[in-house]
Amino acid sequence: MTMTDPIADMLTRLRNAQTAGHETVSMPTSKKLVEIARIMDQEGYIAGFEVIDGDPRGQLELTLKYGPKKEKHIRGIKRISKPGLRIYAGKDDLPRVLGGLGTAIISTSKGVMTDRDARKIGIGGEVIAYIW
């Protein structure tokens, strides 16, 4: 069965696993999901990720990150550009999440990157998600 929006599925699985207090969460993998996981790891929202090869399709396993008293590191996560309504931002219109405290994930012609990196390079693209 094909999935309409694998990015929204990834974000929902992550949100649900963190609410339930799980250590890890797994999902079917793709190149774009691995890039989004790399950005979340680089920005410190998750503890790590691993791609597990499988026969029909591999699995992406994210290791969640919690504080000393089981506080969530991801306060909120929201899908912005959807299959039915794509949202694009030019280099001058890149969003700032919570005044720069959060991260916007942008898909550009140079690859998937954060809003800060895209602003530094001077390139716009599709706004995938907000994380704070």
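Modeller: A cavity is a set of points on a 1 Å grid over the protein atoms alone where a 1.4 Å probe fits but cannot get out, and its lining residues have an atom within 4 Å of a point. Points are joined across faces, edges and corners, and the volume is the space filled by probe spheres set on them. Ours is a predicted model: local features need pLDDT of at least 70, side-chain atom pairs count only at pLDDT 80 or more, and totals for chains, interfaces and linings use all residues. Residues are numbered from 1 along each chain as its sequence is written, and side-chain values use heavy atoms, without hydrogens and water.

Colleague: Happy to start there! How much space lies in the largest cavity?

Modeller: The structure has one cavity of 30 Å³ or more. Its lining is made of Met3, Pro6, Asp9, Pro28, Leu33 and Arg57. The space in the largest cavity is about 30 Å³.

Colleague: Which residues of H2 are buried?

Modeller: H2 (helices are DSSP runs of H or I, at least four residues, numbered from the N terminus) covers residues 31-43. Taking buried as under 20% relative accessible area with a 1.4 Å probe, protein chains only, the buried residues in H2 are Leu33, Val34, Ile36, Ala37, Ile39 and Met40.

Colleague: Lovely. Leaving aside neighbours within four places in sequence, which residues is isoleucine 36 in contact with?

Modeller: Ile36 is one of the buried residues of H2. Contact means heavy atoms within 4.5 Å. With those neighbours set aside, the partners of isoleucine 36 are Ile7, Met10, Ile105, Val112 and Ile128.

Methods. 1 Å grid on protein atoms, 1.4 Å probe; cavity = no way out; pocket = protein on both sides within 12 Å on 5 of 7 lines; lining within 4 Å. Helix = DSSP H or I, 4+ residues; strand = E, 2+ residues; numbered from the N terminus. Expected span 1.5 Å × (residues − 1). Buried < 20%, exposed > 50% of the residue type's maximum accessible area, 1.4 Å probe, protein only.
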